[in-house]
Amino acid sequence: MALEQLRIASRRSQLAMVQTNWVKAELEKAHPGLAISVEAMATQGDKILDVALAKIGDKGLFTKELEAQMLVDRADIAVHSLKDLPTNLPEGLMLGCITEREDPADALVVNAKNADYQLDTLPEGSVVGTSSLRRLAQLRHHYPHLEFKDVRGNVITRLEKLDAGNYDCLILAAAGLTRLGFGDRIHQNIPSEISLHAVGQGALGIECVEGKPEVLELIKVLEHAPTSSRCLAERSFLRELEGGCQVPIGVNTTIDGDTLTLIGMVASLDGKRLIREQQSGTLAEAETIGKKLADILKSQGAGEILKEIFDTVRPQ
């Protein structure tokens, strides 16, 4: 039986609402007459802003409250930045759809006084703001002469802190800046040779309840097959390494014809140890590619590096 109403759960942050309202508008275009409502709420990750993300846990910081709404039948779907969605979902829920990806690159945003610099020319001791251990480890590896400082808050809050002079530059997701209308603040897209992006970065994931084909049918119109293949490979890689979103694991995926190539990286927090390899296969083998690449990195010591990190940053 076709649904006449669809209930969406979303974070209430500005970026989350931009993303959710885009999904809502696209579904309304695809399904004329479908009534769609949005329930916005704050998640644990939104509420705790004075502690580094890695210190408060890495499993579902930005998703648990939305998932609870679906599990008690107060929402049919939840819209997530895919990079925030854990690779192992609660029983009864599934990843129903992955939308077309925006540019997944990390971006350099600078204070006006540093407008003449690129990442590799920033003066020694420049203060770089990031809340991501993945970005931190990779940048420490390539630029040990820079200083790094944690930064929390939504994108607008972070930009205000940058412009107030608290930081010389920030590292943010290019996709988030673009979606919020701050694309003009992107000073440099950081090449993947320097910073591999987060698993799922730039894509939206629509989570739904298992066993509801009528909901799945509605949202599948937003599925983007190439993005889905790339992100399934990335998520398989992360799942096999048992890493949450707050660990130094980076990826990059490309598609050439029917061949998918996944590059993966694990680094120590100080950036002194960085393991990076790649694995290719057919699009149909996306999840197998991710698993194989994880096994390769494990054989080179990735497991030991991650254990040290978990022991260091695990919430007390």
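Mentor: Before we start, buried here means under 20% relative accessible area, and the model we're looking at is predicted.

Trainee: OK, helix H3 then. Which residues in H3 are buried?

Mentor: H3 spans residues 64-71 and packs on the sheet. Its buried residues fall within an arc of 155° seen down the axis, so they line one face of the helix. The residues in question are Leu66, Glu67, Gln69 and Met70.

Trainee: What covers the buried residues of H3?

Mentor: Look towards the sheet, since H3 packs on it, with a direction at about 165° to that of S3. The cover for those buried residues includes the strands S1, S2, S3, S4 and S10.

Trainee: Is glutamine 69 buried or exposed?

Mentor: Glutamine 69 sits in helix H3, and beyond four places in sequence, it touches Ala9, Met41, Arg74 and Ala75. Its relative accessible area is 17%, and the limit is under 20%. Because 17% falls under that limit, glutamine 69 counts as buried.

Trainee: Now the sheet itself. What is the order of the five strands in the open sheet?

Mentor: Start from the edges, strand S2 (35-41) and strand S4 (93-98), each of which pairs on one side only. The twist averages 30° from one strand to the next. The pairing is mixed, and the order reads S2-S1-S3-S10-S4.

Trainee: Do S1 and S3 run parallel or antiparallel?

Mentor: Strand S1 covers residues 5-11 and strand S3 covers residues 77-81, with two bridges joining them. As a landmark, alanine 9 stands opposite alanine 78 in S3. The pair runs parallel.

Trainee: And over how many bridges do S3 and S10 pair?

Mentor: On this side, valine 79 has isoleucine 206 in S10 as its bridge partner. S3 and S10 pair in the antiparallel sense, and the number of bridges is five.

Trainee: Why is S3 largely enclosed by the rest of the structure?

Mentor: Take the faces in turn: Ile77, Val79 and Ser81 are on one side, Ala78 and His80 on the other, and both sides are covered. In a regular strand the side chains alternate between the two faces of the sheet. S3 is largely enclosed because the number of its residues that are buried is five of the five.

Trainee: Which strands does helix H1 touch?

Mentor: H1 covers residues 14-30 and packs on the sheet. Its direction makes about 165° with that of S1. The strands it touches are S1, S2, S3 and S10.

Trainee: Serine 10 caught my eye. Which residue's side chain does a polar contact of 2.8 Å join to that of serine 10?

Mentor: Serine 10 lies in strand S1, and at 0% relative accessibility it counts as buried. Its contacts beyond four places in sequence include Ala16, Met17, Val38 and Leu66. The side-chain partner at 2.8 Å is threonine 20.

Trainee: Something odd follows H3. What phi does aspartate 73 take?

Mentor: Most residues other than glycine have a negative phi. Aspartate 73 is in the loop between H3 and S3, and at 44% relative accessibility it counts as partly exposed. Although it isn't a glycine, its phi is positive, at about 60°.

Trainee: Let's move to the core. Which helix gives the largest share of the largest nonpolar core?

Mentor: That core has 39 residues, with Leu119, Phe237 and Leu241 among those having the most contacts inside it. Elements that supply at least two residues each include helix H8 (225-241), strand S12 (259-267) and helix H10 (302-313). With six residues, the largest share comes from H10.

Trainee: Which residues does leucine 241 touch, not counting those up to four places away in sequence?

Mentor: Leucine 241 is one of the residues with the most contacts inside the largest core. Leaving out the sequence neighbours, its list is Ile249, Val266, Ala294, Lys298, Ala302 and Leu306.

Trainee: Last one: how many residues are in the second, separate core?

Mentor: Its members include Leu6, Ile77, Cys208 and Leu218. You've met Ile77 already, on one of the covered faces of S3. The count for this second core is 16 residues.

Methods: Residues are numbered from 1 along each chain as its sequence is written. This is a predicted model: local features need pLDDT of at least 70, side-chain atom pairs count only at pLDDT 80 or more; totals for chains, interfaces and linings use all residues. Side-chain values use heavy atoms; hydrogens and water are left out. Two strands pair if DSSP finds at least two bridges between them. Helices (H or I, at least four residues) and strands (E, at least two) are DSSP runs, numbered from the N terminus. Axes are lines fitted to C-alpha atoms, for helices over the stretch in contact, and angles run from 0 to 180 degrees between N-to-C directions. Contact means heavy atoms within 4.5 Å. Buried means under 20% relative accessible area, exposed over 50%, partly exposed in between (1.4 Å probe, protein chains only). A polar contact is a pair of N or O atoms within 3.5 Å; within protein, one must be able to donate a hydrogen and the other to accept it, and residues adjacent in sequence count only if both atoms are side-chain atoms. The arc is that of the directions from the helix axis to the C-beta atoms. A nonpolar core is a set of buried Ala, Val, Leu, Ile, Met, Phe, Trp, Tyr and Cys residues joined through side-chain atoms within 4.5 Å.
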